[in-house]
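Colleague: Got a minute to go through this model with me? I'd like to start with a helix and then hop around.

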Amino acid sequence: MSKENSRPDTGVTRRNLLASLASVGLAAPFFAGRKDWTRDPITLRYTSHVPRTHGLYTEAFVPFAELVEQETLGRLRLESYTDQLLHGPLDGFKAAVTGITDYTHSYITYQPGSFKLLHATQLPFIFSRPQVATLVFEELYPKYFKKEFERMGVYLAHCDCTSPYSLLSRRPIQRLEDLRGIKIRVTAGVTAEIFRELGANPVAIAAAEIYPAFQRGVFDAVALSPSDMVGYRLQEVATHFTRIDINVILLHYCLNRHSFDALPNDLRSMFYRLLRVRSQMAAQNYYSGPGHEQAMEALREANLEIVNLEGEELNRWREVVAPLKEKYVARYELEGLPARAAVADMERLATDYADLTNQQLNERVTNLPIQGIIDL
């Protein structure tokens, strides 16, 4: 184990992603053949439980909304309703299906029993970079995950991926034995199984409820990405940070089917392509790059004891959770689902894409957008 002591390079901002996208010709596919638009613009409602101060809003939604309006010459606009204004964190799917919203979060971890193959991305120690996990998931989505997601009555808009989860705690967690019997706030699904295997008692509650519960001692530790730890100000309550980079969480967003299908054909195609660009914005701006660096700096400034698990100790954690993959595969293969193939393809692409730079990822989603996420 080693103490965290390096300072981040904070010179990168969210504008780098937009500049990078522009440099690979993002606008070219949209400007060709367009005519001046004189009718009223179409407005889609975007809803989210996160506050407007949260990085998922400032570093992902805001630049995306600006990009949509710019690239459609004002024909399509996104109007935001945040801070649980129209619905709560658990009601994303319902809000989209019933027409309360057009575009919202639809986190599968908030109703894990409705999904099976979609939990595969939570398996431990597969992805080290959120932008790669996002690309891999969207590439495999039409083949393995689309039927399960669309069964909820919505389309997939895009997904954000967190940086790998680590631990904030009110007591030291330096060895596997330190987890035994303690209560840890987790996301439901495979992540809960991971920490159960490690000896902890997982507690699943919505992210927006973590701060007061942590403060009251409802649990002893929190498993989250560093960006979200700071986004919810949890460093104000914790005393220790243990970096384990154990797994990532994909945050899915959905579209009201009627709202999307009602768009003019050319606008529907434009918006679809822009959503592929959106899939990298949170991963590059908030969960890695400047957002992640700023979060780590905030954790250091909070005077937490920061420990990196590595070497023999980290290998002990890896060995304990390694059987989860086969358990996951066996469970869903018995139900006739292609779980083994899905996990194998996910691991293969995670390795193939591991070293892609942000520039290469941006070129890929811009010039070769994945087809079939929505049938146009």
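Colleague: Which residues are buried in helix H15 (residues 358-367)?

Modeller: Bear in mind that this is a predicted model. In H15, the buried ones are Leu361, Asn362, Val365 and Thr366.

Colleague: Why do the buried residues of H15 line one face of the helix?

Modeller: Look down the axis of H15: its buried residues fall within an arc of 125°, so they line one face. In general, an α-helix has 3.6 residues a turn, so residues three or four places apart point the same way.

Colleague: New topic. How many cavities of 30 Å³ or more are there?

Modeller: The count is 2. The largest has a volume of about 140 Å³. The second largest has about 50 Å³.

Colleague: Which residues lie nearest the centre of the largest cavity?

Modeller: Tyr107, Tyr110, Ala207, Asp228 and Leu251. They belong to a lining of 18 residues. By class, that lining has 11 nonpolar, 5 polar and 2 charged residues.

Colleague: And what lines the second largest cavity?

Modeller: Its lining consists of Pro89, Leu90, Gly92, Phe93, His105, Ser106, Tyr107, Tyr110 and Gln111. That divides into 5 nonpolar and 4 polar residues, with no charged ones. Tyr107 and Tyr110 turn up here and also in the lining of the largest cavity.

Colleague: Which aromatic cluster do Tyr107 and Tyr110 help form?

Modeller: One with Tyr46, Tyr57, Phe61, Tyr103 and Tyr253. Over the whole structure, a search finds 18 aromatic pairs.

Colleague: Which rings have an Arg charged end sitting over them?

Modeller: The ring of Phe125 has the charged end of Arg318 over it, 4.1 Å from its centre. The ring of Phe214 has that of Arg170, at 5.9 Å from the ring centre.

Colleague: On to backbone. What is the phi of Leu73?

Modeller: Positive, about 55°, although Leu73 is not a glycine. Leu73 lies in the loop between helix H3 (55-71) and strand S3 (76-81).

Colleague: Why does Leu73 count as partly exposed?

Modeller: Because its relative accessibility is 43%. Partly exposed runs between the buried cut-off, under 20%, and the exposed one, over 50%.

Colleague: Where is Asn303 found?

Modeller: In the loop between helix H11 (289-301) and strand S12 (305-308). Asn303 has a positive phi too, near 60°.

Colleague: Does Asn303 count as buried or exposed?

Modeller: Exposed, because Asn303 has 70% relative accessibility.

Note on methods: Residues are numbered from 1 along each chain as its sequence is written. This is a predicted model: local features need pLDDT of at least 70, side-chain atom pairs count only at pLDDT 80 or more; totals for chains, interfaces and linings use all residues. Side-chain values use heavy atoms; hydrogens and water are left out. On a 1 Å grid over the protein atoms alone, a cavity is a set of points where a 1.4 Å probe fits but cannot get out, and a pocket is an open set with protein on both sides within 12 Å along at least five of seven lines; lining residues have an atom within 4 Å of a point. Grid points are joined across faces, edges and corners, and a volume is the space filled by probe spheres set on the points. Ala, Val, Leu, Ile, Met, Phe, Trp, Tyr, Cys and Pro count as nonpolar, Asp, Glu, Lys and Arg as charged, and the others, Gly among them, as polar. Rings of Phe, Tyr and Trp (its six-membered ring) pair if their centres lie within 6.5 Å; planes under 30 degrees apart count as stacked, over 60 as edge-to-face and the rest as tilted. A charge sits over a ring if NZ of Lys or CZ of Arg is within 6 Å of the ring centre and within 35 degrees of the ring normal. Buried means under 20% relative accessible area, exposed over 50%, partly exposed in between (1.4 Å probe, protein chains only). Helices (H or I, at least four residues) and strands (E, at least two) are DSSP runs, numbered from the N terminus. The arc is that of the directions from the helix axis to the C-beta atoms.
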